[in-house]
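Please look through the sequence and the model shown below before reading on. The report then takes up a few residues in turn.

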Amino acid sequence: MRIDNSVFVVTGAGSGIGRALALSFADAGARVVAGDIDESAADTTAATIRDSGGHAVPIRADATTPAGIDAMISLAQETFGPVDGYVANAGVIGPPGLGTDTGWDRVLDVNLRAHVRAADALVPQWISRGTGYFVSVASAAGLLTQLGAAAYAVSKHAAVGFAEWLAITYGDRGIGVSCVCPMGVRTPLLGAVRDSTDTTAQLAARSITSAGAVLDAAEVADLTVAAVREGRFLVLPHPEVLDMYRQKGADYDRWIAGMRRYQRSLAAER
């Protein structure tokens, strides 16, 4: 799609990949609504864009709730015009291990239901206009898995599945979809897992940092913007994920056995 002069909403825009995406879309010419539950962080992102000559407004909003999503969409419409693209970026790692019901509810709300609710609010508008773009920031965990964090792994698989469904169902009606699946990225989320005192969370962190290079968020953002321009579905900032995914599909039992060995090796590093 054409990004110049488009209107994009970016959730979780106060830090990490979300902040980088807001800056990158703005640099490409988009007018950006920077949403985050941290009002100060959203303000800072929007101010950085404006200081660079771009157009952005911040908003404190909970991207998991219909009210928060409606607030971001309404601000975009009032300030810039109809929303052309929505970046569902806000995410949480959630509890280590099997977790609890409360932990699962939180992870599914942020990592999955927020995407479904945003699509529910925007897809009818986009169908009537014949155009629109949805960016799902998932994870390589959605194609592979995440050691040490069941809720995260499952929610990211679900996010990838939902993005696929959107692309298939509405692609012929002018709606584009990109699904972003990085491995390790330098973000506060990764930092929090690294700093955890929980041994299972520490294993999860080691699995992320040892699987491949830990990228800067700006690299992920620039690759995402390029994919949106091209209308490309799968965004793999770590190209080796594609080979891992192919190996998984080629022999599932062998892949699971390999992941068990990898888990044992990481556990031995304690």
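What follows describes a predicted model, beginning with a valine, going on to a serine and ending with two cysteines.

Val87 belongs to strand β4, which covers residues 85-88, and Val87 is buried, with a relative accessible area of 0%. When its neighbours within four places in sequence are left aside, Val87 is in contact with Phe8, Val9, Val10, Thr11, Leu21, Phe25, Val135 and Val137. Asp109 lies 22 residues from Val87 along the chain, and the C-alpha atoms of these two residues are 16 Å apart.

Ser139 sits in the loop that runs between β5 (132-137) and α5 (150-170). With a relative accessibility of 7%, Ser139 counts as buried. Leaving out its neighbours within four places in sequence, Ser139 is in contact with several residues, among them Tyr152, Lys156 and Val180, and also with Cys181 and Pro182.

Cys181 leads on to the question of sulfur bonding: how many disulfides does the structure hold? There are zero disulfides. In general, a disulfide is a covalent bond that joins the sulfur atoms of two cysteines. The table sets out the two cysteines.

| Cysteine | Closest cysteine sulfur | Relative accessibility |
|---|---|---|
| Cys179 | Cys181, 3.9 Å | 0%, buried |
| Cys181 | Cys179, 3.9 Å | 0%, buried |

Why is there no bond between the sulfur atoms of Cys179 and Cys181? The two sulfur atoms are 3.9 Å apart, which is too far for a bond, because a disulfide needs a pair of cysteine sulfur atoms within 2.5 Å.

Technical notes
Residues are numbered from 1 along each chain as its sequence is written. This is a predicted model: local features need pLDDT of at least 70, side-chain atom pairs count only at pLDDT 80 or more; totals for chains, interfaces and linings use all residues. Side-chain values use heavy atoms; hydrogens and water are left out. Helices (H or I, at least four residues) and strands (E, at least two) are DSSP runs, numbered from the N terminus. Buried means under 20% relative accessible area, exposed over 50%, partly exposed in between (1.4 Å probe, protein chains only). Contact means heavy atoms within 4.5 Å.
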